[in-house]
Amino acid sequence: MVSSLHAETWVSGALTLHEVSGVVTLKELGAESVDLGEEQVPVSTIGLINCEAEYGSSAYFSTSNRAHLYFQGEGSFAIERFEQIKPDLSTWEAQETLEAAGGEGKEVGQSRMIINFRLGDIILDSRNMAESSQCLIETPLGRLTVKRALWQMRIEFDPRSQIFDFTINCSDGRVRFTDLQGQQYILRTGQRLAGAGARSTPSIEVGERTERSREQVQRFQ
């Protein structure tokens with residue numbers, strides 16, 4: 001018997017910061033924090049970063065696994081894990097060219113990503129990631145598991161009352177949210193989850209998306 005084995009090589013992912021509005025601070029793993037303004041982008045960096053934005057400030061990223069991310073403060077998020085199977089160079093460049101021309105570039109291979117989202121407003125479009133890729137979002141209120149979806153989450157926190165106010169909107173695809181008690185909520189296209197209360201025991205309800213969330217996603221697209 002003759003067999004051919006192909007060893008998959010996992011490499012670190014990367015991202016590009018395309019647009020900044022206001023005051024945004026970016027910190028690569030093991031490096032110093034850098035304040036970025038509109039004149040300093042675009043800039044590409046390793047995938048493990050921490051990003052902070054003041055109130056009203058925003059940043060727009062794309063990643064090497066074909067996801068697109070918009071973040072608005074006041075708040076912060078971090079990409080704590082980002083690795084992907086090393087793609088064939090010619091195939092990857094073909095997808096890069098397609099996306100640059102306004103097409104839908106698809107992920108080549110497979111990736112694993114963990115995002116720690118703490119506060120603010122985030123929109124993530126992972127619809128061009130591979131079906132086998134993994135994307136987890138850790139928050140102070142629970143975990144989101146996302147597979148090829150366009151979704152949005154807002155987290156606000158009042159330090160005096162220790163009360164959280166948060167929403168999750170699913171514009172396309174499916175999002176699974178698991179709270180700190182282990183309760184799971186599945187959001188499909190057009191659905192919205194709203195919660196308010198203490199970190200471990202918020203009151204949660206599921207309904208339809210609001211017009212405001214639709215407008216935000218339209219601007220993002």
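Which residues does Thr 167 touch, not counting residues up to four places away in sequence? The close-up views below, all taken from a predicted model, begin with that residue.

**View 1. Surroundings of Thr 167 in strand E12.** Thr 167 lies in strand E12, which spans residues 163-179. Leaving aside residues up to four places away in sequence, Thr 167 touches Gln 152, Met 153 and Arg 154, and also Arg 192, Leu 193 and Ala 194. With a relative accessible area of 7%, Thr 167 is buried, because that value falls under the 20% cut-off.

**View 2. The buried face of helix H2 and the strands it packs against.** Helix H2 covers residues 211-220, and within this helix Ser 213, Gln 216, Val 217 and Phe 220 are buried. Seen down the axis of H2, these buried residues fall within an arc of 95°, so they line one face of the helix. An α-helix has 3.6 residues a turn, so residues three or four places apart point the same way. The exposed residues Gln 218 and Arg 219 are carried on the face of H2 that is turned away from its buried side. The strands against which the buried residues of H2 pack are E7 (58-63), E8 (68-85), E9 (111-125), E11 (142-158) and E12.

**View 3. An edge-to-face pair within a cluster of phenylalanine rings.** A search of the whole structure finds 7 aromatic pairs, and one of them is formed by Phe 61 and Phe 77, whose rings are arranged edge-to-face, with 5.9 Å from centre to centre and 85° between the planes. This pair links distant parts of the chain, since Phe 61 belongs to strand E7 and Phe 77 to strand E8, 16 residues apart. Both Phe 61 and Phe 77 are buried. Ring pairs also bring in Phe 71 and Phe 117, which together with Phe 61 and Phe 77 are linked into a cluster.

**View 4. A charged group over the ring of Trp 10.** The charged end of Arg 112 sits over the ring of Trp 10, at 3.7 Å from the centre of that ring.

**View 5. The hairpin of strands E12 and E13.** Strand E12 runs antiparallel to strand E13 (residues 184-188), and the two are joined by 5 bridges. Across this pairing, Phe 177 stands opposite Tyr 185 in E13. The hairpin has 4 residues between its strands, and in it Gly 182 takes a positive phi near 90°.

**View 6. The hairpin of strands E14 and E15.** Strand E14 (residues 191-197) and strand E15 (residues 203-208) run antiparallel and are joined by 6 bridges. The bridge partner of Gly 195 is Ile 204, which lies in E15. Between the two strands of this hairpin there are 5 residues.

**View 7. Cysteines 51 and 170, each in no disulfide.** The structure holds 0 disulfides. For Cys 51, which is in no disulfide, the nearest cysteine sulfur is that of Cys 135, 16 Å away. Cys 51 counts as buried, because its relative accessibility is 0%. Cys 170 is likewise in no disulfide, and here too the nearest cysteine sulfur belongs to Cys 135, at a distance of 13 Å. Cys 170 has a relative accessibility of 0% and therefore counts as buried.

Definitions and conventions:
Residues numbered from 1 in each chain as written. Predicted model: local features only at pLDDT ≥ 70, side-chain atom pairs only at ≥ 80, totals over all residues. Heavy atoms only, no water. Buried < 20%, exposed > 50% of the residue type's maximum accessible area, 1.4 Å probe, protein only. Contact = heavy atoms within 4.5 Å. Arc of directions from axis to C-beta. Phe/Tyr/Trp six-rings, centres within 6.5 Å; stacked < 30°, edge-to-face > 60°. Lys NZ or Arg CZ within 6 Å of the ring centre and 35° of its normal. Pairing = 2+ DSSP bridges. Disulfide = S-S within 2.5 Å.
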